[in-house]
Amino acid sequence: MAEINQYKVACSPHKLDGATTRRVMLDVLIALLPCLVCGVVFFGLYALMLVVICVAACFASEQVYNLIRKKPFTTDLSALVTGVILGLNLPPRAPWYIPVVGGVFAIVIVKMLFGGLGKNFANPAAAGRVFLLLAYGSAMTSFIGADIAGNILSADVTTGATYLGGGVGALADGFLGAEGYWGYVLQLFLGKVGGSIGETSALAVLIGGGYLIARRVIDWRIPLVYLLTAAAMALLCYGSANEILLQLFSGGLMFGAFFMATDYATSPKWKYNRVLYAFGLGVITVLIRRFGSYPEGTSLAILFMNLLVPAMDRFLVPVRFGQTTKKGAPKPQVMKWAMRGLCLVLALAIAVAAPLVSYTEVAFYKGDYAYIQSVSRDFSGKYVFDVKGTAELGKFSQPLEYEIQADAKSQKVVGIRPITQSTKGYVAELSFFEGKTYDEIVALKDLSTDAQTSATYTNIALKNMIVECFSALDFELGKYTDLVLQEEYTYISGAERSGAKLRFTVSGQADLSSPSRPYFQQLEYVVTIENGRVKYIQTVTESTKGYTVDRALFLGKTYEDILAMTEEGIRADGTTGATITNVKVRDMLLECFESECFASAAGGEQV
Amino acid sequence: MFTFANGVHPKGCKELSAGSGIGRGPEPKNVYVPLSQHIGAPAVPVVEAGERVLCGQLIAKAAAGLSANVYSPVSGTIKGVVGHITLSGKKKNHILIENDFLEEKTFLPHMEEITGESVLARIAEAGIVGMGGAAFPTAAKLNVQGKNVDFLVVNGAECEPYITCDYRIMLEYAQEFLQGVRYCMLAAGVKRAVIGIEDNKKDAIAKLSSLAGDGVAVKALKTKYPQGSEKQLVYSCLKRVIPENKLPADAGVVVVNVHTALAVYKAVAEDTPCYERVMTVSGKAVATPKNIWVKNGTLYRDVAAFCGADENCARIVSGGPLMGEPVFSLKVCTGKGTSSLLFLDESECESKNAEPCIGCGRCVQACPMGLSPVFIERALFDKNYEEAEAYGAAYCIGCGCCSYVCPAKRFLVQSVKLAKKEVRARADKKRREAEKKNG
Ligand code: SF4
Ligand code: SF4
């Protein structure tokens with residue numbers, strides 16, 4: 001036998017797993033491709049150029065740093081990974097020098113000065129993004145428009161419109177055939193919205209993230225727990241299950257969860273610490289979004305949690321196999337059960353709470369609503385109205401927006417959540433309305449709040465909004481059967497009935513002509529009368545210029561009350577048009593009370 | 001599925017030698033029988049140069065304390081006690097015997113009655129040590145008087161890649177092996193035994209299950225490294241945790257290896273002491289991977305020649321590829337604990353250069369003992385031994401999972417072992433000082 005003499009001696013283990021640093025970094029680059037492709041498709045080649053500049057800046061600054069410090073050139077691909085991630089975090093129309101500044105900052109200051117690969121305490125890309133946000137605030141928050149029609153807007157059209165910054169207003173109403181809520185969700189999921197280059201498409205992030213998890217490059221716990229926590233926090237902070245998907249799919253949350261929070265050097269090493277870390281990320285992200293002054297919280301949350309990682313690694317150490325306490329008892333696996341419990345609680349909380357606060361949008365389309373913007377209902381039959389209006393506070397007209405929760409069966413206002421109202425204290429006194437029935441609210445006479453006229457005006461506006469909500473509910477959803485009319489009427493064009501309620505469709509014209517210009521305003525209302533009193537007046541058509549009926553005059557009134565009204569009494573302060581409308585409505589109501597239906601309904605139950 | 005937490009999944013590579021039945025090994029001209037084939041003090045020679053010995057004759061007696069008898073594997077002439085190189089690189093005393101190829105045998109006296117005590121005495125007499133690799137004298141291990149031990153766990157996991165000797169024994173010597181297990185139970189005074197076997201050895205599980213019974217159970221364990229490590233095995237088989245700094249007996253179990261059980265059978269029923277063992281010779285650089293009976297004291301070179309090792313072999317390993325020692329000289333010779341010799345070619349082993357740690361945490365996720373190798377290494381570099389201790393350096397079992405998974409190819413086991421040594425030394429020093437203070 002020939003002598004064996006070529007062999008090497010090396011220490012154990014003699015077989016190694018296939019993973020290498022380069023391979024890991026390569027996998028991350030591969031996983032980033034879908035995001036990059038989406039970014040380029042949505043935002044054009046300029047976006048690609050930004051990413052390339054950023055990668056080049058990162059790579060070059062690392063090698064220059066090595067040159068100056070007389071260190072060997074680095075061949076791992078980590079600088080490229082940082083470059084791509086930071087590049088994808090930039091707005092698609094950022095000026096060219098932004099990626100340069102960001103890349104140099106991320107690599108030199110955040111990474112190399114702390115000792116290079118694996119030694120940095122903060123995520124270079126997240127730190128770079130936050131640095132740029134502070135340094136170039138406006139450039140970093142100018143996103144190009146929400147490509148609603150599928151067109152790529154030209155390079156100089158920028159807006160601040162993202163879902164987080166501008167709400168659903170930044171989204172298209174319908175998308176790929178899906179209307180309303182699901183349209184928004186679909187749009188955010190596919191990423192055809194305003195936002196940073198690589199982070200808009202949740203789908204692309206999921207493809208890349210799935211690849212990384214399948215290749216075991218990242219720990220699934222971090223993105224999963226992050227998203228779970230963010231979902232639970234969205235539920236808690238926004239009080240609506242509908243917000244969950246919108247929050248998860250918008251902004252940089254998905255991208256951050258899969259690509260930035262999982263950064264090796266800056267995330268904890270033990271799996272249960274990772275759960276805790278991801279939990280912290282989810283909480284902070286949503287808190288910043290909801291209550292902070294930045295619409296986006298992912299990068300800040302990551303930076304903040306990065307600072308806690310060394311402490312977590314040092315003080316929350318894995319329980320060793322067979323470890324005992326000083327007394328000799330097995331050491332309890334506190335972190336393990338605490339973290340498992342935490343995840344279980346989060347999942348359960350979402351499972352239990354989400355159906356309770358999940359809303360489906362209800363389409364209201366028959367009436368002409370002065371205040372109602374959108375209506376949705378939750379599983380229990382509670383309706384939630386988003387209402388907008390204004391209160392005239394002297395020279396100043398104060399925009400108002402409320403969310404009114406109403407129960408259709410008991411006719412009660414369940415809750416009111418102010419969204420926009422005066423910041424100077426002229427706010428609505430919610431206790432006037434909350435828990436009250438429609439009839440009680442209609443009967444409210446005195447809406448003044450201790451001599452604050454402005455607050456009183458706000459109260460009056462809110463009352464009108466509530467009245468509109470209930471009349472809209474009855475108008476859109478009430479189940480009425482048609483009645484056949486025998487006689488001829490001036491105004492009445494149809495009558496229906498439901499139990500003790502009679503409902504008339506009335507129409508006519510109000511003569512709003514001015515001396516110079518003749519003008520007749522078409523009026524159409526649906527009037528509901530119950531037990532001899534006017535219950536609802538729902539507008540179908542009336543003036544769009546403010547010459548509208550003043551419902552407070554008529555609601556809750558009997559035939560006698562209305563008959564006794566003088567023209568003086570129904571004069572609306574100063575606006576003749578409104579007065580004329582009111583007079584017309586009075587005539588209409590009188591005709592309803594005098595009609596055959598009313599007579600027969602009052603006389604007996606047969607019609 | 002019965003298993004433990006963490007660990008790794010290396011490729012088994014057992015197909016190379018799994019199909020080869022146990023055959024006879026080389027008949028060397030000279031055997032260098034090590035006096036120290038076990039944990040504890042080296043045995044004391046009882047033969048003189050020039051003396052003729054028979055195969056199976058006592059040539060070195062166990063020293064006082066922890067030690068084991070050594071028997072001659074061949075018949076021939078004693079050439080003397082010589083210093084010979086060992087795997088660690090140190091020269092140690094070996095008894096050089098020139099083989100006369102007459103194969104004249106001698107046996108231990110036949111056992112008249114088989115009781116726990118007599119079996120235990122026979123195990124000590126026959127010089128049996130743990131043959132899984134640790135080479136701890138078996139008699140000392142099975143002597144669990146005063147401890148509340150109720151289970152014998154037999155280690156048939158064979159979790160290291162390549163090695164198949166225990167597997168072949170379970171297949172070919174099933175009856176003898178099971179009888180050996182019963183002798184061990186007798187010696188340890190336990191009524192129940194469980195044989196833990198990784199589920200990549202389906203036929204061994206099936207065969208032993210059909211023959212076992214009567215207090216002996218077979219348990220299929222998940223194929224995962226290090227399933228055969230004592231603490232992990234006991235946990236997988238019985239869900240019992242051996243507390244740190246304690247012996248298996250403190251958890252009510254004793255653990256023996258498959259081959260050890262067979263050696264016990266041979267000593268008790270066939271009156272044959274322990275002087276040879278089944279070894280796996282495998283790797284892509286050997287012409288015919290084999291499982292063979294190899295006499296203690298055979299030079300690695302003879303084994304290599306016997307199996308046709310390729311001269312282009314890239315690395316030689318004694319033991320499994322994860323924990324095995326690298327072989328730097330083929331002059332080293334086999335002992336009771338040498339379970340395998342691997343001749344690996346380029347494709348089977350990579351040489352590595354350590355790169356900076358990227359902090360991926362894989363080593364933490366892989367460590368079956370729940371340590372944090374990455375932080376232990378950092379603490380070691382900072383000479384911060386308190387921190388190394390906090391991350392558990394003292395409890396490393398040296399399994400190598402951490403190094404196996406590290407993408408930066410860091411020398412983690414070595415670092416952790418170094419830290420362990422230092423931490424243990426410091427703890428010992430502290431204890432001694434405390435003892436001195438207390439008188
Ligand atoms: S630290 Fe020790 S016990 Fe843990 S994986 Fe490494 S070698 Fe094994
Ligand atoms: S596996 Fe290697 S690279 Fe990863 S944390 Fe451990 S030592 Fe660092």
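Select Ser374(A) and Asp386(A): Ser374(A) stands opposite Asp386(A), which belongs to E7(A). This is a predicted model. Now show the whole of E6(A), residues 372-377, and strand E7(A), residues 382-393. E6(A) and E7(A) pair in the antiparallel sense, over 5 bridges.

Stay in chain A and add strand E5(A), residues 360-362. E5(A) pairs with E6(A), again in the antiparallel sense, over 3 bridges. What is the bridge partner of Thr360(A) in E6(A)? Pick Arg377(A): that is the partner of Thr360(A).

Move to chain B for another sheet. Select E3(B), E5(B) and E6(B): these 3 strands form an open sheet in the order E3-E5-E6, with antiparallel pairing. Which strands are at the edges? They are E3(B), residues 44-45, and E6(B), residues 70-71, and each pairs on one side only. Zoom in on E3(B) and E5(B), residues 58-61: 2 bridges join them. Here Val44(B) stands opposite Lys61(B) of E5(B).

Next, a helix pair. A general point comes first: two packed helices are described by the angle between their axes and the distance between those axes. Select H5(B), residues 174-188, and H6(B), residues 202-211. They pack at an angle of about 60°, and their axes are 10 Å apart. H5(B) and H6(B) are therefore oblique to each other. Their crossing is right-handed.

Show side chains at the contact. From H5(B), take Ala174(B), Gln175(B), Phe177(B) and Leu178(B). From H6(B), take Lys207(B), Leu208(B) and Leu211(B). Colour the contact by class: 5 residues are nonpolar, 1 is polar and 1 is charged.

Now the ligands. Select ligand 1 and the 14 residues around it. Which of these come nearest? They are Cys367(B), Cys396(B), Cys399(B), Gly400(B) and Cys402(B). Turn on the cartoon: helix H13(B), residues 401-405, and helix H14(B), residues 412-437, are the elements that give two or more residues to this shell. By class, the shell around ligand 1 has 12 nonpolar and 2 polar residues, and no charged ones.

Last stop: ligand 2. Among the residues around ligand 2 are the cysteines Cys357(B), Cys360(B), Cys363(B) and Cys406(B). Add Ile358(B), Gly359(B), Gly361(B) and Val374(B). Pro407(B), Ala408(B) and Leu412(B) complete the selection around ligand 2. How many residues of this shell are nonpolar? The count is 9, with 2 polar and no charged residues.

Key:
Residues are numbered from 1 along each chain as its sequence is written. Chains are lettered from A and ligands numbered from 1 in the order in which they are written. This is a predicted model: local features need pLDDT of at least 70, side-chain atom pairs count only at pLDDT 80 or more; totals for chains, interfaces and linings use all residues. Side-chain values use heavy atoms; hydrogens and water are left out. A residue is near a molecule or strand if one of its heavy atoms lies within 4 Å of it. Helices (H or I, at least four residues) and strands (E, at least two) are DSSP runs, numbered from the N terminus. Ala, Val, Leu, Ile, Met, Phe, Trp, Tyr, Cys and Pro count as nonpolar, Asp, Glu, Lys and Arg as charged, and the others, Gly among them, as polar. Axes are lines fitted to C-alpha atoms, for helices over the stretch in contact, and angles run from 0 to 180 degrees between N-to-C directions. Angles under 35 degrees count as roughly parallel, over 145 as roughly antiparallel, 65 to 115 as roughly perpendicular and the rest as oblique. A crossing is left-handed if the near helix is turned anticlockwise from the far one by less than a right angle, and right-handed if clockwise. Contact means heavy atoms within 4.5 Å. Two strands pair if DSSP finds at least two bridges between them.
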